[in-house]
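Good morning, everyone, and thank you for making time for this. I would like to walk you slowly through one structure, looking at its ligand and then at the space around it.

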Amino acid sequence: MRRRPQVPVPRVMGILNVTPDSFSDGGQFEHVDRAIAHGITLRNQGADVVDVGGESTRPGAVRVPPAQEQERVIPVIAALVSEGVSVSIDTMNAGTALAAAQAGASIINDVSGGLADPQMYRVVAETDLHYIAMHWRGHSTEMANLATYDDVVADVRAELRDRLAEMMVWGINPDRIVLDPGLGFAKSARHNWSLLARLEELSTLGYPLLIGASRKRFLGKLGPADAPTSERDLATAIISTIAAQQGVWGVRVHDVPSTQVALSLYTEMQKGKKR
Ligand code: PMM
């Protein structure tokens with residue numbers, strides 16, 4: 001990882017989705033090679049970690065068998081690790097998390113926060129990797145129906161606290177845990193904005209936070225309806241700055257350069273406070 005500047009800024013996690021819709025044209029090898037090349041580009045652009053995922057979790061996405069998920073991600077992880085890239089594995093499957101750990105991944109990023117696979121906490125405890133536990137209520141096909149809250153921030157906080165209690169039972173090292181409110185997962189646009197506006201209430205759980213707002217649907221509402229998702233990168237970068245101001249541990253983004261500009265701006269401004 002690159003040297004951290006004196007002003008604390010969030011880690012940048014570059015997104016590498018190794019799914020057929022991300023790198024579709026070409027055979028299996030070209031697909032893997034292009035994914036590896038993109039991972040190296042993300043690192044060269046300044047990503048501290050490259051987050052490799054082989055199963056789409058977009059609203060409505062259907063599940064991928066773990067063996068197929070592993071076929072997609074493991075060669076990519078092994079190649080990136082051999083190039084000195086820090087890798088996290090974006091998976092809900094304990095078997096994939098373990099295979100990724102064996103291939104050299106240093107972070108397990110689980111959008112289900114341990115709810116999708118009863119073996120996940122055992123793997124996290126045994127591998128002792130960093131563990132990103134995201135707030136989650138159900139799989140992509142059902143999550144739209146699960147977006148009901150009394151107070152979204154209080155409810156997400158309470159549900160994450162329940163997950164933390166379970167992690168302690170399994171002997172997961174608290175120093176390894178990062179929490180994520182799970183923007184867009186069983187959340188409406190209004191829920192996402194409330195979570196972003198009140199991040200400090202989640203910080204009171206006492207764990208570092210990761211924010212994954214990148215290119216999500218709620219940002220699309222700020223621009224023309226038919227604009228490509230890459231046009232959400234400016235909004236994403238601004239959210240990276242807002243997240244930095246709230247002291248988050250990391251931001252997960254598709255476009256690393258725009259978030260780097262936003263975070264450099266934030267760093268310079270923070271330095272300006274020092275006399
Ligand atoms: N969002 C997606 C996938 N993985 N992981 C974490 N920790 N937080 C997120 O918000 C998150 C994630 C879905 O976004 P994508 O399909 O654009 O990768």
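Before we begin, a word on classes: Ala, Val, Leu, Ile, Met, Phe, Trp, Tyr, Cys and Pro count as nonpolar, Asp, Glu, Lys and Arg as charged, and the others, Gly among them, as polar. With that in mind, and remembering that this is a predicted model, we can say that the shell around the ligand has six nonpolar, five polar and five charged residues.

Which of the 16 residues around the ligand come nearest? They are D90, N109, D180, K216 and R252, and for two of these we can look at single atoms. In D90, a polar side-chain atom lies 2.9 Å from a nitrogen atom of the ligand, while in N109 a side-chain N or O atom is 2.7 Å from a ligand nitrogen. G212 takes part through its backbone, where an N or O atom lies 3.3 Å from an oxygen atom of the ligand. Of the 410 Å² of accessible area that the ligand has on its own, the protein covers 94%.

Let us turn to the space itself, which is the largest pocket and has a volume of about 1,100 Å³. Its lining counts 44 residues, and those closest to the centre are R58, P59, S214, R215 and K216.

Finally, consider the strand β1 (11-17), which, like β5 (130-134), supplies at least two residues of the shell around the ligand. In the lining of the largest pocket, β1 gives the most, with three residues, and α6 (189-197) and α8 (217-220) each supply at least two.

Key
Residues numbered from 1 in each chain as written. Predicted model: local features only at pLDDT ≥ 70, side-chain atom pairs only at ≥ 80, totals over all residues. Heavy atoms only, no water. Near = heavy atom within 4 Å. Polar contact = N/O pair within 3.5 Å; in protein donor to acceptor, adjacent residues only side chain to side chain. Areas by Shrake-Rupley, 256 points an atom, 1.4 Å probe, with all protein chains shown as cover. 1 Å grid on protein atoms, 1.4 Å probe; cavity = no way out; pocket = protein on both sides within 12 Å on 5 of 7 lines; lining within 4 Å. Sits in = over half its atoms within 2 Å of the grid points. Helix = DSSP H or I, 4+ residues; strand = E, 2+ residues; numbered from the N terminus. Points joined across faces, edges and corners; volume = space filled by probe spheres on them.
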